[in-house]
Structures are given as C-alpha cells and as structure tokens.
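Let's take a walk through this model, beginning with the overall build of one chain and then moving on to the DNA.

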Protein chains: 2
Amino acid sequence: MNAIASPSSALTPAAEKILATASELFYAYGIHAVGVDRIVAESGVTKKTLYDRFGSKEQLVLAYLRRREDQWRLALSIELRSHPIPGTERILAVFDAADTWYTGRSLKGCSAVNARAEEGPEVQEHLVVREVMEQKRWMLRSFVDLCTEAGMARPDETGKHLLLILEGALVTLGTHSFEDPMRVAKEAAHMILTPH
Amino acid sequence: MNAIASPSSALTPAAEKILATASELFYAYGIHAVGVDRIVAESGVTKKTLYDRFGSKEQLVLAYLRRREDQWRLALSIELRSHPIPGTERILAVFDAADTWYTGRSLKGCSAVNARAEEGPEVQEHLVVREVMEQKRWMLRSFVDLCTEAGMARPDETGKHLLLILEGALVTLGTHSFEDPMRVAKEAAHMILTPH
DNA sequence: AAGCAACTATACAGGTCAGTATAGGTGGGA
DNA sequence: TCCCACCTATACTGACCTGTATAGTTGCTT
C-alpha cells in the first residue's frame, strides 16, 4: 500500500481557521453555493488574509479536497496496519475504515464526487477535476495492490469491482436510499472476494 | 416491475425549448453555475415565459430531474420487456439498459446525485433532495422486485448489493477512474448473483 | 369580432459574486 | 531600532444572481 499522509504543509492560524470553516461549508452546501464573504464572516478572518494565504477560491477548494483525502488515507493506513496479513480480511478492512471514517462525518457522500458535480465538462483543464480523478485512481490502485498481494486470480478486475462497491456506498450515504450502506458494501465485497 | 413513464405533461413549445436547454446546461455545468439569464439566452426564449411556465428556478430543476428519470425508466422498461423470464439474465439486463442509456450521454455521472451535491444538508425540506431520494428508492425497489421474482434467497440484501454496484458505475462514469464502468459493473453483478 | 393563452422585448430591483485597494496594527527576530 | 510576516478593518468594482414590471404581438377559438 502507498498510503502515507502528506506533510499537511503547516498553515498559519488564520489560514487554519479559514480552511476549517470553508471545509464545513463547502461540504454541507456545495462549493458554488458558498461565497468567500460567508467563509470570511464565519471564520472571523478578513478577506485580505484569505486571498493572501490561498490566492483564489479555487485554490481554497483544492486545499479542502486534499486535506479531506489526506485524512482518509491516514485513517486507511492505520486500519491496514492492524490487518497486516495479505488476504480477504485485509481487503475487507478497507470497508471498516470507510465505515469509521465516512459514516456520520459524510452525510452527503464523497466530497470529491460532489465537487466534480459542480465543475464543467472539461476533464483535463480544471484543477479540481484532475484532483478528483487522481484521488479515485489512487483508491483503485490501492484495491488492485491489495488484491495482488492476496494472490487473487484477476486483481485488476476485482479491484475495479471493489471500487464500484465502495463508490456506491459513499453515494448512498448521501442519497439515503437505505440504512448502513457501508456495512452492506462490506457484505457485497465479501461475496466478490469469495471463490465461486 | 413498476416502470411506466409518466405522462410527460405536454409542455408548450417555448417551455420545451427552455427545459431542453436547461437540462443540457444543468447537467454539464451544475445547477448553481447556470443562471436563468443564460438559459433564456441560449434557448431564445424570454425570461417572462420561463417564469410563466415554470414559476421558479427550483421548479425548473425539478422538471429537469423528473424528465431525465422518466427517460431512464422508459429505457429500462423496454429492455426488461425483451427479457421477460425471471432470473439472473433479466436482472443483468438492467446493466445493459444503463450501459445503453447512460454511457455517452452521462459523462458526468448521475444527474440526481449531482443535484443533491449542490443542495444543503436538510433531507426532508428541499424538494430536490426529496426527489433524488425517491428516485433512488424506486431503483432499489426495482432491484428487490427482480430478485424476488427470480427466487433469490435474500432479495432485500441482494437488491442493495446491486444498487451499490450500479451507483458506483454511474459515479465512475463521471470520475473517469477507469474505462467502461458499466460493463465492469455487470461483471460484478454477475458474481453477486452467482451462488457461492 | 371578441377573448385569451402564449409569446416577445426591455428595463429594473435588491442582493450577492470573486477579487482588489488602501490604511493601519502587532509581535518576534536580526 | 528596524524590519517583516501576519493580521484587522473597510470600502470598492463590475459582473452576475433570481425574480418582477410594463407594454405589446401573434394566432387560434368561440
């Protein structure tokens, strides 16, 4: 596994407050629905400081997405460290980590998917869209690596199957189609991983 | 199955043009990012007509979501009609319908999920959020019905597993984590439906 | 011929958007 | 003592936001 959190880049106290406030608001209401005026008002920091520290709203959005992803990767790496033996149990531990980390904190699904929904159709152009794509491909790579080290017959295909199930559970956290989607996802993953 | 398209409510010509233009723009750029001024300009209709026909932007958004869902349910019911025998093949035909209907047309994933990403955290309050929830629960019910009529051992659980896989594939259409997600989803569904 | 639904055209109101400008305050290190 | 990074405070720009107001046109139906 390649899960190591980034150095988190030592923000100044005011920048920290801005990012914390922006993260809550962006996730809860959407990125376009939250103006910098509101972020500034609720964080008790001036607009000048926001632009001195982050440069633009888009860069603030990127910082928000990267921090959330860093936290998830850290939580995942800790969970995996307590299941060090390659195999089905270690793979299923991903869904335990997701249950612990996302459930409760993520009543609107995946922040990256939600951010992508608000951007235009250009894939390569916008930084936000690229960031989302890279995060998702990292998770796919992680699943494939776990399947490979477990000696699965078709790690590439199985990794994709597992990613689909995880993504579905994250979406379902936001749509409220049914209760406890991450537990159900772990069941589904278990069936995928069981020899037929 | 309960898939019958709604009567589609006979819009006036100008309303039709507005809805067609709004649908493209909402899907491509997000709902908050598209103003009524732009919809009006690109559809060649006046703003007065838009408000005479739809009443508000929110109602226009609802019309957009409902029409897209109606079209999907119609496509699904046609596909299912050509696989009338209860069983695994009929269930997997859902993913063929999704492949035909979504792939190409839906390079940014599910319109309902994307719309939900832009609304606030209140679940019961906003009409858009309720609409999205109802659409997703309808699809879950459809999967469960298909599993029940196929004589599956645990139709409720299997229906949820299938919904997770379908949702995951829709998201992946938008994130570009890997190619051809709907085909991969059908594979995963096939494994879920095969006795262990 | 009258009425009416559907439409065009233009202008406006009141608010919010991202981002900039100007001026000044504070605390720690060289 | 001077400097400098970091911060506050306030005002502003020009564009865009949803929604409304006013006035007039077209074409079908009764």
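Chain A has a radius of gyration of 18 Å, which agrees with the value near 16 Å that a compact globule of 196 residues would have. Keep in mind that this is a predicted model. Lay chain A along its principal axes and the C-alpha atoms fill a box of roughly 60 × 35 × 30 Å. As for what it's built from, there are nine helices and zero strands in chain A, so reading along the sequence just gives you α-α-α-α-α-α-α-α-α. Of its 196 residues, 42% count as buried. Among the contacts in chain A with a separation of 6 or more, 60% come from residues 24 or more positions apart.

Now for the DNA, starting with strand C. There are 20 residues around it, and those that come nearest are G35(A) and K57(A) from one chain, plus T12(B), A14(B) and T49(B) from the other. Which elements each supply at least two residues of this surface? In chain A they are α2 (36-43) and α3 (47-54), and in chain B they are α1 (13-29) and α3 (47-54). The most comes from α3(B), with four residues. By character, the surface splits into six nonpolar, six polar and eight charged residues.

Over at DNA strand D, 20 residues again lie around the strand, and T12(A), A14(A), T49(A), G35(B) and K57(B) come nearest. Here α1 (13-29) and α3 of chain A, together with α2 (36-43) and α3 of chain B, give two or more residues each. On this strand α3(A) gives the most, with four residues. The surface near strand D divides into six nonpolar, six polar and eight charged residues.

Technical notes: Residues numbered from 1 in each chain as written. Chains lettered and ligands numbered in written order. Predicted model: local features only at pLDDT ≥ 70, side-chain atom pairs only at ≥ 80, totals over all residues. Near = placed C-beta within 6 Å. Nonpolar A, V, L, I, M, F, W, Y, C, P; charged D, E, K, R; others polar. Rg over C-alpha atoms; globule rule 2.2 N^0.38 Å. Buried ≥ 20, exposed ≤ 12 C-beta atoms within 10 Å, placed from the backbone. Contact = placed C-beta atoms within 7 Å.
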